[in-house]
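Welcome, and please load the model in your viewer. We will walk from stop to stop, with a selection to make at each one.

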Amino acid sequence: FRIMAGKVKWVTDIEKSVLINNFEKRGWIQVAENEDWNFYWMSVQTIRNVFSVETGYRLSDDQIVNHFPNHYELTRKDLMVKNIKRYRKELEKEGSPLAEKDENGKYIYLDFVPVTFMLPADYNLFVEEFRKNPSSTWIMKPCGKAQGKGIFLINKLSQIKKWSRDSKTSSFVSQSSKEAYVISLYINNPLLIGGKKFDLRLYVLVSTYRPLRCYMYKLGFCRFCTVKYTPSTSELDNMFVHLTNVAIQKHGDDYNHIHGGKWTVSNLRLYLESTRGKEVTNKLFDEIHWIIVQSLKAVAPVMNNDKHCFECYGYDIIIDDKLKPWLIEVNASPSLTSSTANDRILKYNLINDTLNIAVPNGEIPDCKWNKSPPKEVLGNYEVLYDEEMAQSDGTDRDLRSRPGQSTGVKGGRARDSGKPVLTTWK
């Protein structure tokens, strides 16, 4: 595609299809080129090569790329949890009200990631936690894979003995051939619609981490399972019940190729407003936005904030039946292939709007610009958080020191006085 007058235009549908296929198969696409500048859309592996010390390559001021060098601090399942845990501890040391705990030692406001352990390193800690509630279900995921590959559920310790275990010391032993896994408490009370489990795929664009500036895409969607949900232990192996990944669901007998088992976020809002009320729905989405900002703040100190970089993340959120949102994982390369006609329109607009923020008005890229594009080029994006603006307005200070006084997106007053308001702000 070409960048023209601030818009990304596909020459033909065939060209679009070819480019997307190249993106996935070859690892990167040269998106636009003339005598003066280049713009690249690269895979995560290519980014590692570009920023590798061994290559000695240096990007020029008119080159920008679509990943941060160490994006995996957020997008690897184990590192995301590790950084969020570190962030909690730091806020605790600072005496931040956000790190407040209840009488059981559980975080009140920062409890948005399911209890998670790394295997094999945390095996003994996991066993200790498992024995506190032996009837619980846990989900195991390989740290470095996507599309639901290698995921399975367990509810007995014997089910993970397929890994090596030293019977004498009862300690978990790693084998070089075994990759690292995370094991998380399974959200076994998900919000169901039509009896089916679903999650949210939301797109978040980060233009800079220091200061943090991020944008929320308004056209996210829900991904539904094709088989009705049941917490029955007899269905633990049925991934069509438990995993919402399209890569898995599309192989099910009940998969619908017309709508692809997807709902737009706006449809979810309408459904929740009609069944739970507008105020409750607004609070839920405020909490989702707040979770996203906190996860980005958790990794900001360790992220290599290279001036040539921006990144569009795919956030996966699950809502439980109490309307509490949970952050499941963050994807560095959310799929840009389309499974339905509506999907195609959404992904086209996503690429278009992302590039219009990364390269405002289709001008020659300049990595030294302040990365604050005019409002008219945002398209379907809206500013989720702007650290510079928040600090100048005192919003961050209010959030940390005076619970209940922070302002929301439209500058409205906090709804729930007496506790930190989980709301987006600018």
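In which strand is Lys197 found? Select Lys197 and you will land in strand E13. Before looking around, keep in mind that this is a predicted model.

**Stop 1: Lys197**

Lys197 has a relative accessibility of 3%, so it counts as buried, the cut-off being under 20%. Now add Val227 to the selection and draw a C-alpha to C-alpha distance: the two residues are 8.4 Å apart in space, and 30 residues apart in sequence.

**Stop 2: the whole chain**

Zoom out for a moment and colour by secondary structure. The protein has twelve helices and 19 strands. Of its 426 residues, 52% count as buried. Among contacts between residues at least 6 apart in sequence, 66% join residues that are at least 24 apart.

**Stop 3: the far end of E13**

Go back to strand E13, which covers residues 196-209, and select Tyr209 together with Phe68. Their ring centres are 5.0 Å apart and the planes stand at 70°, so the pair is edge-to-face, a label for angles over 60 degrees. Phe68 sits in the loop between strand E5 (63-64) and helix H3 (72-75), 141 residues away from Tyr209 along the chain. Are these two residues buried or exposed? Phe68 and Tyr209 are both buried. This is one of 14 aromatic pairs in the structure.

Step along to the bond between Arg210 and Pro211, which is cis, with omega near 0°. Pro211 belongs to the loop between E13 and strand E14 (212-217). Most peptide bonds are trans.

**Stop 4: an aromatic cluster**

Select Tyr203, Tyr215, Tyr217, Phe221 and Tyr381, and show their rings: these residues form one aromatic cluster. Then add Lys262. Its charged end sits over the ring of Phe221, 4.5 Å from the ring centre.

**Stop 5: Phe117 and its surroundings**

Next, pick Phe117 and Trp138. They form an aromatic pair of the tilted kind, with 6.2 Å centre to centre and 40° between the planes. Phe117 is in strand E6 (residues 116-119) and Trp138 in strand E7 (residues 138-142), 21 residues apart. Phe117 and Trp138 are both buried. What lies over the face of Phe117? Add Lys85, which is 5.9 Å from the ring centre.

Another cis peptide bond runs from Leu119 to Pro120, with omega near 15°. Look for Pro120 in the loop between E6 and H5.

**Stop 6: Phe130**

Follow the chain into helix H5 (residues 123-132) and select Phe130. With a relative accessible area of 5%, Phe130 is buried. What does Phe130 touch, leaving aside residues up to four places away in sequence? Show Ser136, Trp138, Asn155, Lys156 and Leu157 to see its partners. For Asn155, 25 residues along the chain from Phe130, the C-alpha separation is 9.1 Å.

**Stop 7: helix H9 and its neighbours**

Two packed helices are described by the angle between their axes and the distance between the axes. Select helix H4 (residues 77-94) and helix H9 (residues 278-299): they pack at an angle of about 90°, with axes 8 Å apart. H4 and H9 are therefore roughly perpendicular to each other. Show Asn83, Ile84, Arg86 and Tyr87 on the H4 side, and Gln294, Lys297, Ala298 and Val299 on the H9 side, to see the residues that make the contact. By class, this contact of H4 with H9 has four nonpolar, two polar and two charged residues.

Now swap H4 for helix H8 (residues 265-275). The axes of H8 and H9 come within 8 Å and cross at roughly 140°, and the two helices are therefore oblique to each other. Here Val265, Leu268, Arg269, Leu272 and Glu273 of H8 meet Lys278, Thr281, Asn282, Leu284 and Phe285 of H9. The residues of this contact of H8 with H9 divide into five nonpolar, two polar and three charged.

**Stop 8: Leu323**

Finish with Leu323, in the loop between strand E17 (311-319) and strand E18 (325-331). What is its phi? The angle is near 60°, a positive value in a residue other than glycine. Most residues other than glycine have a negative phi. Leu323 is also buried, with a relative accessible area of 10%.

Terms used:
Residues are numbered from 1 along each chain as its sequence is written. This is a predicted model: local features need pLDDT of at least 70, side-chain atom pairs count only at pLDDT 80 or more; totals for chains, interfaces and linings use all residues. Side-chain values use heavy atoms; hydrogens and water are left out. Axes are lines fitted to C-alpha atoms, for helices over the stretch in contact, and angles run from 0 to 180 degrees between N-to-C directions. Helices (H or I, at least four residues) and strands (E, at least two) are DSSP runs, numbered from the N terminus. Angles under 35 degrees count as roughly parallel, over 145 as roughly antiparallel, 65 to 115 as roughly perpendicular and the rest as oblique. Contact means heavy atoms within 4.5 Å. Ala, Val, Leu, Ile, Met, Phe, Trp, Tyr, Cys and Pro count as nonpolar, Asp, Glu, Lys and Arg as charged, and the others, Gly among them, as polar. Rings of Phe, Tyr and Trp (its six-membered ring) pair if their centres lie within 6.5 Å; planes under 30 degrees apart count as stacked, over 60 as edge-to-face and the rest as tilted. Buried means under 20% relative accessible area, exposed over 50%, partly exposed in between (1.4 Å probe, protein chains only). A charge sits over a ring if NZ of Lys or CZ of Arg is within 6 Å of the ring centre and within 35 degrees of the ring normal.
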